[in-house]
Amino acid sequence: TGKKEQGLDEKFLERVMNHLEANYQNDRYGIQQLHADLGISRVQLHRKLTALTGQSSSEFIRNFRLLKAKKLLLESNRNVSEIAYEVGFRDANYFSKSFIQEFGLNATRLRELFL
């Protein structure tokens, strides 16, 4: 049963990622929409994501968006604010704080170091 369970967990995470991939630009897409799209309760979503990733639902969604932003920073020359809004952050300051917390440096500095 271990392999079957692992396969189900991978399928679950894949479904989560597919929904986030399709909706990350919508700043209103969050936990409510995700659990509804997956057909599970908010509590089930939280428990499953925490068990599989060690992150709460909101952390998982935020980190997904931050990874998208990092990718866009390194692949385009758009400014940081544009990218923040593009990946679903309404507040540029919150984006900056979250980015530094996740990657240890601000978005502009990350771009300077890698490009």
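**Exercise 1. Helix α3**

What should the twelve residues of helix α3 (residues 42-53) span at 1.5 Å a residue, and how far apart are its end C-alpha atoms?

Solution. The model is a predicted one.
- Step 1: the expected span of a helix is 1.5 Å times one less than its number of residues.
- Step 2: for the twelve residues of α3, this rule gives 16 Å.
- Step 3: the C-alpha atoms at the two ends of α3 lie 16 Å apart, which agrees with the expected span.
- Step 4: the residue following α3 is Gly54, with a positive phi near 75°.

**Exercise 2. The chain as a whole**

Determine how many helices and strands the protein chain has, and describe its extent, burial, surface and contacts.

Solution.
- Step 1: the protein chain has seven helices and zero strands, so the order of elements from the N terminus reads α-α-α-α-α-α-α.
- Step 2: the C-alpha trace spans about 50 × 30 × 20 Å along its principal axes.
- Step 3: of the 115 residues in the chain, 36% are buried.
- Step 4: the accessible surface is about 7300 Å², and carbon and sulfur atoms account for 49% of this area.
- Step 5: take the contacts with a separation of 6 or more; 57% of them join residues 24 or more positions apart.

**Exercise 3. Four residues classified**

Assign Phe64, Gln55, Thr50 and Lys97 to an element or loop, and state whether each is buried, partly exposed or exposed.

Solution. The cut-offs needed are under 20% relative accessible area for buried and over 50% for exposed, with partly exposed in between.
- Phe64 belongs to helix α4 (residues 57-75). Its relative accessible area is 10%, so Phe64 is buried.
- Gln55 sits in the loop between α3 and α4. Its relative accessibility is 22%, and therefore Gln55 is partly exposed.
- Thr50 is part of helix α3. At 32% relative accessibility, Thr50 is also partly exposed.
- Lys97 is in helix α6 (residues 92-103). With 60% relative accessibility, Lys97 is exposed.

**Exercise 4. Contacts and distances**

Which residues do Phe64, Gln55 and Thr50 touch, leaving out residues up to four places away in sequence? Add the C-alpha distances to chosen partners.

Solution.
- Step 1: Phe64 touches Met17, Leu20, Glu21 and Tyr24. For one of these partners, Met17, the separation from Phe64 is 47 residues in sequence and 8.3 Å between C-alpha atoms.
- Step 2: Gln55 touches Leu49, Thr50, Phe60 and Asn63. Gln55 and Met17 are 38 residues apart along the chain, with 14 Å between their C-alpha atoms.
- Step 3: the partners of Thr50 are Gln55 and Ser56. Between Thr50 and Ser96, 46 residues apart in sequence, the C-alpha distance is 24 Å.
- Step 4: Lys97 and Lys70 are 27 residues apart along the chain, and their C-alpha atoms are separated by 14 Å.

**Exercise 5. The largest pocket**

Give the volume of the largest pocket, then describe its lining by position, element and class.

Solution.
- Step 1: the volume is about 250 Å³.
- Step 2: the lining consists of 13 residues, and those nearest the centre of the pocket are Asp27, Ile61, Arg65, Gly88 and Tyr94.
- Step 3: the element that gives the most to the lining is α4, with four residues.
- Step 4: sorted by class, the lining holds five nonpolar, three polar and five charged residues.

Notes: Residues numbered from 1 in each chain as written. Predicted model: local features only at pLDDT ≥ 70, side-chain atom pairs only at ≥ 80, totals over all residues. Heavy atoms only, no water. Buried < 20%, exposed > 50% of the residue type's maximum accessible area, 1.4 Å probe, protein only. Contact = heavy atoms within 4.5 Å. 1 Å grid on protein atoms, 1.4 Å probe; cavity = no way out; pocket = protein on both sides within 12 Å on 5 of 7 lines; lining within 4 Å. Points joined across faces, edges and corners; volume = space filled by probe spheres on them. Nonpolar A, V, L, I, M, F, W, Y, C, P; charged D, E, K, R; others polar. Areas by Shrake-Rupley, 256 points an atom, 1.4 Å probe, with all protein chains shown as cover.
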